[in-house]
Structures are given as C-alpha cells and as structure tokens.
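Here's a quick briefing to read alongside the coordinates. Have the viewer open and click along as you go.

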Amino acid sequence: TYDSLLHSQSPTMESTVQVAVLIVDNDKKAQKSIFDVVSRRGISCQVFESASIFRQLVSVEPLGCMFIGSELDDLPGVELLRLLRSKGWNVPTIITA
C-alpha cells in the first residue's frame with residue numbers, strides 16, 4: 001500500500017531494492033496520485049518525502065522512471081535531477097509542479 005512504501009524519516013539502512021518508479025515529492029496529494037496510477041498497473045514504486053531521504057536510501061538507478069516534485073523542502077527538484085545526472089543516472093524523469 002501507499003503508506004507502507006512512504007519514506008518520510010531518515011532510514012537506518014540503505015535500500016538496494018531496484019524498483020520501476022521512484023517518486024520524490026513533499027506534496028502528499030501528488031505522491032498518492034502518482035502512486036495510485038502507477039501501482040494500479042502492477043508497477044513497483046517507492047515514495048520519498050525529501051531529496052535527502054531519497055539520497056540516503058537509493059543507490060541503484062530505477063528500471064523505469066522518476067517523478068520529482070519541483071519544490072522539495074530541502075532541495076529544488078531540478079537540483080536533485082542535476083545531481084543524479086552528474087552521477088551518470090539517465091533514467092527518464094518528470095518534474096511535477
């Protein structure tokens with residue numbers, strides 16, 4: 001379910017599970033909307049409330065795509081995307097408003 005896949009606090013260990021869709025957004029309605037659309041199609045996804053939590057947890061580029069909120073609390077979405085691109089990530093990414 002959505003609630004079980006929401007990462008809203010700092011993790012105690014890094015996740016190496018590869019999923020198809022990663023959602024990084026501090027807007028709860030946007031998170032849930034994207035999650036619902038994706039998961040209804042049987043596609044695995046994970047949700048993160050901030051860029052810092054995402055960066056702590058994720059070390060493997062997703063198989064499918066990413067949705068990144070444009071105005072995260074701790075880092076603009078475009079800056080997170082630039083950081084990922086500088087590390088060689090080429091995953092298709094949608095910046096949401």
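Let's start from one residue: setting aside its neighbours within four places in sequence, V24 is in contact with F48, S50, A51, F54, M66, F67, I68, G69, L72 and L80. Keep in mind that this is a predicted model. V24 is found in strand β2, and several of the topics below lead back to that strand.

**V24 up close**
- Is V24 buried or exposed? With a relative accessibility of 0%, against a cut-off of under 20% for buried, V24 counts as buried.
- One of its contacts is A51; the two sit 27 residues apart along the chain, yet their C-alpha atoms are separated by 6.8 Å.

**The overall layout**
- The protein has three helices and five strands, and reading from the N terminus the elements go β-β-α-β-α-β-α-β.
- Out of 97 residues, 43% are buried.
- Take the contacts with a separation of 6 or more: 73% of them are between residues 24 or more positions apart.
- About 5500 Å² of the protein is exposed, with carbon and sulfur atoms supplying 53% of that area.

**Strand β2 and its partners**
- β2 covers residues 21–24, with V21 and I23 pointing one way, L22 and V24 pointing the other way, and all of them buried.
- On one pairing, β2 goes with strand β3 (residues 45–48) in the parallel sense, over four bridges; here the bridge partner of L22 is Q46.
- To get from β2 to β3, the chain passes through helix α1 (residues 28–39), and this β-α-β crossover is right-handed.
- β2 also pairs with strand β4 (residues 65–69), in the parallel sense and over four bridges. In β4, L22 has M66 as its bridge partner.

**Nonpolar cores**
- How many residues does the largest nonpolar core have? It has 17, and V24, F48, F54, M66, I68 and L80 are the ones with the most contacts inside it.
- At least two residues of this core come from each of β2, α2, β4 and α3, and α2 gives the largest share, with four residues.
- Apart from this core there is another one of 10 residues, among them C45, V47, C65 and F67.
- F67 ties back to the opening list, as one of the residues in contact with V24.

**Aromatic pairs**
- The structure holds two aromatic pairs.
- F48 and F54 make an edge-to-face pair, at 5.5 Å centre to centre with 80° between the planes, and both of these residues are buried.
- F54 also pairs with W89, again edge-to-face: 6.2 Å centre to centre and 80° between the planes.
- Which parts of the chain does the F54 and W89 pair link? F54 belongs to helix α2 (residues 51–57), while W89 lies in the loop between α3 (77–86) and β5 (93–96), so to speak a link between distant parts of the chain, 35 residues apart.
- W89 is buried, as is F54.
- Put together, the ring pairs link F48, F54 and W89 into a cluster.
- For a route back to the start, F48 and F54 are both in contact with V24, and both are listed among the residues with the most contacts inside the largest nonpolar core.

Definitions and conventions: Residues numbered from 1 in each chain as written. Predicted model: local features only at pLDDT ≥ 70, side-chain atom pairs only at ≥ 80, totals over all residues. Heavy atoms only, no water. Buried < 20%, exposed > 50% of the residue type's maximum accessible area, 1.4 Å probe, protein only. Pairing = 2+ DSSP bridges. Right-handed = clockwise from strand over helix to strand, strands pointing away. Phe/Tyr/Trp six-rings, centres within 6.5 Å; stacked < 30°, edge-to-face > 60°. Contact = heavy atoms within 4.5 Å. Areas by Shrake-Rupley, 256 points an atom, 1.4 Å probe, with all protein chains shown as cover. Core = buried A, V, L, I, M, F, W, Y, C linked by side-chain atoms within 4.5 Å.
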